Amino acid sequence: MSRNFSVDLTLIATHNNKNILKILETGRKIGFTYYDHEIAKTYEDSPIITPSQTLKKILNAAEFELEDGPTVFINCGDSNFGFLSFHDDNHLLKCSFWGMRPIIRKTFEENIVEIDFEFYIQLMLKLCHGFAIKHIELGEF
Amino acid sequence: MSKSHFVEVKLGINYSENNMMNLLKKAENAGVIFYDHILGVRYEDSPTLNVDHALQKLIKNMQDCDADHSLFLEIPQKSYTHLWFYNNEGLLEFHLGSFVYLKEKHFEDSITQIDFEFYIDFALKIARDFGIQKLVADSID
């Protein structure tokens, strides 16, 4: 069974459209591409959408109250893909990056090859730059 | 009531004195100064320690149930932190906390908060060669 990882950031910022859009726009500036995935299409072949269209997609998805929260498929450069989710965490904005494919790995001390969490943490810090962090946590599922 | 902030990192290397030393050396290379705190003396006025003595102090304190298990460090940009080592399922975990001269920043929504990015960056800098299994940053009242 393949391992899945996540980086979850809860921000000291209200869960609202303005703040989500700001993060999506920062993502665009640092090289994120957002996809409008349609059923029966591969994610990568789906149409590319702007940050504003992505926000609209997220708001539409929110109406269905999906367990993983409103999610958008993204590319974050060099064929690195994943999902970005936005949750309401007690009225605070929680931003999660998960389902990374392929997983970026690195050879560490003692020749252990593992996920390079530093890459993903730095990516999330850049994405949410300008917002105060309440909580950050790594997940595996 | 003031908040207490912390960063916890579980590494992908065994809990051993050798690996504690490796981590302290990374910290030293990152510009950290180790202090030999003595009761009744201000932390910043305590004598400094080299990396060998810093490890000896930590080990000695960890063996003494009544002693504080932490080491007091100055990290670059004039901030201070305590460092603790723990054995988490056989792997080395370190905690940073009880920050002195807390780094704060002005964020969105006009709030001044701890600059967790600063402390996470420092934790990543000293942990990057060992593989990160877990990273949590949070605050408690």
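**Helix α1, strand β9 and the nonpolar core**

On one side of α1(A), to start with the helix, the residues N17(A), K18(A) and K29(A) are exposed, and I should say straight away that what we are looking at is a predicted model. N19(A), I20(A), I23(A), L24(A) and G27(A), by contrast, are buried in α1(A), and because they cover an arc of only 140 degrees around the axis, they lie on the same side of α1(A), the exposed residues being on the other side.

The length of this helix can be checked as well: α1 of chain A comprises 13 residues, 17-29, which at 1.5 Å a residue should span 18 Å, and its end C-alpha atoms are indeed 18 Å apart, so the two agree. After α1(A) comes G31(A), with a positive phi near 105 degrees.

Let me turn to the strands. In chain A, β1 (residues 5-14) and β9 (residues 133-140) pair in the antiparallel sense over seven bridges, with L9(A) standing opposite I136(A) in β9(A). What does I136(A) stand opposite in β9(B)? That residue is A137(B), and β9(A) is joined by two bridges to β9 of chain B, residues 132-140, the two running antiparallel.

Finally, the core. The largest nonpolar core has 69 residues, and those with the most contacts inside it are L11(A), M124(A), L73(B) and A123(B); helix α3 of chain B, residues 116-127, gives the most to this core, with seven residues. Leaving aside residues up to four places away in sequence, L73(B) touches several residues, including V32(B), I33(B), F34(B), Y80(B) and L83(B).

Conventions:
Residues numbered from 1 in each chain as written. Chains lettered and ligands numbered in written order. Predicted model: local features only at pLDDT ≥ 70, side-chain atom pairs only at ≥ 80, totals over all residues. Helix = DSSP H or I, 4+ residues; strand = E, 2+ residues; numbered from the N terminus. Expected span 1.5 Å × (residues − 1). Buried ≥ 20, exposed ≤ 12 C-beta atoms within 10 Å, placed from the backbone. Arc of directions from axis to C-beta. Pairing = 2+ DSSP bridges. Core = buried A, V, L, I, M, F, W, Y, C linked by C-beta atoms within 7 Å. Contact = placed C-beta atoms within 7 Å.
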